[in-house]
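Please take a moment to look through the sequence and the model below. The paragraphs that follow lead from one residue to its surroundings, and from there to the links between the helices.

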Amino acid sequence: MKQSDIFRDNAENCLHLAERAEGQPAFKRYQRMAEAWTALAEEQDWLDGEIPPVAARKPQRRPAA
């Protein structure tokens, strides 16, 4: 199993804990933990060369003055 898959499993576990959390502070804490594990998984994919370092960006339109 890839390291990034383990990180994604951890994120999923945090989301399950968030669903069962009692109270808003615990819910938010588990949500932030899931986001952090997901970010680690994406970074690990980058380190492993599975995704490009910078996603292609669309040119932004400037609003008319």
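Q44 lies in helix α2, and in this predicted model Q44 counts as buried because its relative accessible area is 19%, which falls under the 20% limit. When the neighbours within four places in sequence are left aside, the residues in contact with Q44 are Q3, S4 and F7.

The helix that holds Q44 can now be looked at as a whole. Helix α2 runs over residues 24-47, which gives it 24 residues, and the distance from its first C-alpha to its last is 35 Å, close to the 34 Å expected at 1.5 Å a residue. Alongside Q44, the buried residues of α2 are A26, A34, A41 and D45, and what covers these buried residues includes helix α1, residues 3-19. Just after α2, the chain comes to G49, which takes a positive phi of about 80 degrees.

Another of the buried residues, A34, gives a second view of the place where the helices come together. A34 also belongs to helix α2, and with a relative accessible area of 5% it is counted as buried, because this value is under 20%. Which residues is A34 in contact with, once its neighbours within four places in sequence are left aside? They are A11, C14 and L15. A further distance can be followed from A34 to A18, for although these two residues are 16 residues apart along the chain, their C-alpha atoms are separated by 9.0 Å.

F7, which was named above among the contacts of Q44, also takes part in an aromatic pair. By the rule used here, the count comes to one such pair, and it is formed by F7 and W37, whose rings are 5.5 Å apart from centre to centre, with 35 degrees between the planes, so that the pair is described as tilted, an angle from 30 to 60 degrees being neither stacked nor edge-to-face. Because F7 lies in helix α1 and W37 in helix α2, this pair ties together parts that are 30 residues apart in sequence. The two partners are placed in unlike surroundings by the accessibility rule: F7 is buried, with a relative accessible area of 13%, whereas W37, at 26% relative accessibility, counts as partly exposed.

Charged side chains make links as well, and the structure holds two salt bridges. In one of them R8 is joined to D45, with the closest N and O atoms 2.6 Å apart. Since R8 lies in helix α1 and D45 in helix α2, this pair ties together parts that are 37 residues apart in sequence. Is D45 buried or exposed? D45 is buried, with a relative accessible area of 8%, while its partner R8, at 33% relative accessibility, counts as partly exposed.

The other salt bridge is formed by K2 and E50, whose closest N and O atoms are 2.8 Å apart. This pair links distant parts of the chain, for K2 is in the segment before α1 and E50 is in the segment after α2, 48 residues apart. Both partners are partly exposed, with K2 at 34% relative accessibility and E50 at a relative accessible area of 40%.

Notes
Residues numbered from 1 in each chain as written. Predicted model: local features only at pLDDT ≥ 70, side-chain atom pairs only at ≥ 80, totals over all residues. Heavy atoms only, no water. Helix = DSSP H or I, 4+ residues; strand = E, 2+ residues; numbered from the N terminus. Expected span 1.5 Å × (residues − 1). Buried < 20%, exposed > 50% of the residue type's maximum accessible area, 1.4 Å probe, protein only. Contact = heavy atoms within 4.5 Å. Salt bridge = Lys/Arg side-chain N within 4 Å of Asp/Glu carboxyl O. Phe/Tyr/Trp six-rings, centres within 6.5 Å; stacked < 30°, edge-to-face > 60°.
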